[in-house]
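Me: I'd like to learn how to read a sheet and some ring pairs in a protein model. Can we go through one together?

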Amino acid sequence: MGADRAMTMSIEVLSPGLYTTVQDLGRYGYQRHGVIVGGAMDTLAMRMANMLVGNEPDAAVLELTVKGPVLLFHQDALLAVCGADMQPAIDGVRIHSNRPVWVKKGSTLKFAHAKKGCRAYLAIAGGWEVPLVMGSRSTNVRAGFGGAWGRTLREKDRLEPGKPSELALFFAEQLQAKSKARNAGCGEMDWFVPQHVFPYQKDAVVRVMRGAEFGYFSEESRRQFFATPYQLAAQSDRMGYRLEGPQLALESPLELISAAVSTGTIQVPPNGQPIILLADRQTVGGYPKIGHVATVDLPILAQLRPGDSVQFQEVSLRKAQQALYEQETELQQIKLGIQINAGWRQSK
């Protein structure tokens, strides 16, 4: 794209927020080379935001952490915000999350500190157009590649959206007419995805399956692990959450070789305080694995902040898989409901 068009057809960062990155569903197929998966921490909110603007589930979004950015739109745009409540506003007028929003060229979108939750996701019709690196647009900040220049956003950065889908254009046409009728700089759909779809809890309960070394911990440690809440320590980030609570101890010393880990693996280092590995986790780990968080509950963890508590609830692999299947079924039902409510199905 030429420089002149990039200046006029883009979104400019006036203020970057605390920690804003481009993310998608992650970079798979390279862990054997030591390349982390990364991607969005809360894939449920990310996918929902993409769904609301007619994108594919893995389209690149902006992940906003604790405090969001201020963005100037040099073009009309269709967007959606899901996840933490960061009180988004267009030119000082609050807009709602969990629904499509049309924004007029020249408008400013501002986010505040999160009132609830930790991470919000900003999707734009067409996705954020950044280069594919090893099959993904997600940002690996530690390694300095992917996303927008391999880093968090900075003031004066300019991002471009990709090509919107037919559904996105259909939404935009409706909302543009609505905003013109009201002489407003933006327009929102009257329908929305209800908040109960997002299973966020400040005092979280997450389902956990037993890990490979669960049986090597003392009987008291195994009991305490599921009976007592833990608190997120300040030293928690996208790589993992350090927890503070009852100290977990092995029955006897255990020598382990490093083995593969996954998002949601719970390791216990020598100090006895568990660590939950998350999106930017390493590819292997050598500490005893006491459990694994069920995939369906990872979005709950993504919205926790240091000081929040988390309680582990034991679940079987079969029940964890069933819960994930039910969530995926609900997402497909919501997708169909969006198309029907908007009149898209009737127009085809």
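Reply: Let's start with the ground rules, then the sheet, then the rings. This is a predicted model, where local features need pLDDT of at least 70 and side-chain atom pairs count only at pLDDT 80 or more, while totals for chains, interfaces and linings use all residues. Residues are numbered from 1 along each chain as its sequence is written, and side-chain values use heavy atoms, leaving out hydrogens and water.

Me: In what order do the strands of the open sheet come?

Reply: Strands of a sheet pair through backbone hydrogen bonds, either parallel or antiparallel. Here the order is 2-3-10-5-8-12, six strands with antiparallel pairing. (Strands are DSSP runs of E, at least two residues, and helices runs of H or I, at least four, numbered from the N terminus; two strands pair if DSSP finds at least two bridges between them.) Strand 2 and strand 12 (186–188) are the edges, each pairing on one side only.

Me: How many bridges join strand 2 and strand 3?

Reply: Four, and one partnership is Gln23 with Val61 in strand 3. Strand 3 also has four bridges to strand 10, where Thr65 partners Arg119.

Me: And which rings make up the cluster?

Reply: Rings of Phe, Tyr and Trp (its six-membered ring) pair if their centres lie within 6.5 Å; planes under 30 degrees apart are stacked, over 60 edge-to-face, the rest tilted. Ring pairs link Phe214, Phe225, Phe226, Tyr230 and Phe312. Phe214 and Phe226 form a tilted pair, 6.0 Å centre to centre with 45° between the planes. Both are buried, meaning under 20% relative accessible area (exposed is over 50%, partly exposed in between; 1.4 Å probe, protein chains only).
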